[in-house]
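Here are a few short exercises to work through with the structure in view. Try each task yourself before you read its solution.

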Amino acid sequence: MERANQTCSVSEFILLGLSSQPENQKPLFALFFVMCIVTMMLVNFLSKKKSISYAECMTQMYFFLAFANTEIYLLAAMAIDRCVAICDPFHYVTTMSYCPCVLLVAFSCSMSHLHSSYWFS
């Protein structure tokens with residue numbers, strides 16, 4: 001039986017966002033909302049008052065370091081994931097199950113905030 005070349009046209013896309021799971025959408029919204037509020041300190045660039053208090057400066061520096069560290073730790077977690085996939089492909093599903101993935105993300109977030117708070121203690 002010969003298969004003919006069939007072309008399908010796409011008329012719409014489904015936007016899943018960061019997560020297609022409804023239970024993850026509210027925490028992700030809260031996270032990005034807080035990040036947006038934190039960046040509102042940048043309004044100093046547009047204001048006539050060109051000074052910032054010490055507490056505001058430390059808050060901005062804390063979140064800058066925390067998010068930069070989170071990015072670095074998440075990149076390391078992704079490297080670990082790829083290393084397991086390449087070095088032990090047959091056991092990947094059992095090695096990188098739900099629990100280790102959650103632990104890697106939790107470690108990334110918690111260690112970044114601990115590292116950032118270390119500089120301000």
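Helices here are DSSP runs of H or I with at least four residues, while strands are runs of E with at least two. Keep in mind that this is a predicted model.

**Exercise 1.** Find how many helices and strands the protein chain has, and in what order the elements run.

*Solution.* Start by counting: the protein chain has four helices and zero strands. Then read from the N terminus on, and the order is α-α-α-α.

**Exercise 2.** Look up the residues that UniProt lists for "transmembrane region", then describe the chain over residues 59-80 and over residues 92-114.

*Solution.* First, the record: an unreviewed UniProt entry gives residues 28-47, 59-80 and 92-114. Next, take residues 59-80: the span is 100% helix and 0% strand, with its end C-alpha atoms 31 Å apart. Finally, residues 92-114 are 91% helix and 0% strand, and here the end C-alpha atoms lie 30 Å apart.

**Exercise 3.** Decide whether F33 is buried, partly exposed or exposed, and say which surface patch it helps to make.

*Solution.* Begin with the location: F33 sits in helix α1, which covers residues 22-39. Buried means under 20% relative accessible area and exposed means over 50%. F33 has a relative accessible area of 46%, so it is partly exposed. Together with F29, V34, I37 and M40, F33 makes a nonpolar surface patch of about 520 Å².

**Exercise 4.** Describe the burial and the surface of the whole protein chain.

*Solution.* For burial, 12% of the 121 residues count as buried. For the surface, the protein chain exposes about 10,500 Å², and carbon and sulfur atoms supply 70% of that area.

Technical notes:
Residues are numbered from 1 along each chain as its sequence is written. This is a predicted model: local features need pLDDT of at least 70, side-chain atom pairs count only at pLDDT 80 or more; totals for chains, interfaces and linings use all residues. Side-chain values use heavy atoms; hydrogens and water are left out. Buried means under 20% relative accessible area, exposed over 50%, partly exposed in between (1.4 Å probe, protein chains only). Accessible areas come from the Shrake-Rupley method with a 1.4 Å probe; for residues, only the protein chains shown count as cover. Patches are made of residues with over 30% relative accessible area and no salt bridge: like charges are joined within 9 Å, nonpolar side chains (Val, Leu, Ile, Met, Phe, Trp, Tyr) within 5 Å. A salt bridge is a side-chain nitrogen of Lys or Arg within 4 Å of a carboxyl oxygen of Asp or Glu. UniProt positions are given in the numbering used here, feature names are shortened, and annotations may be inferred rather than shown by experiment.
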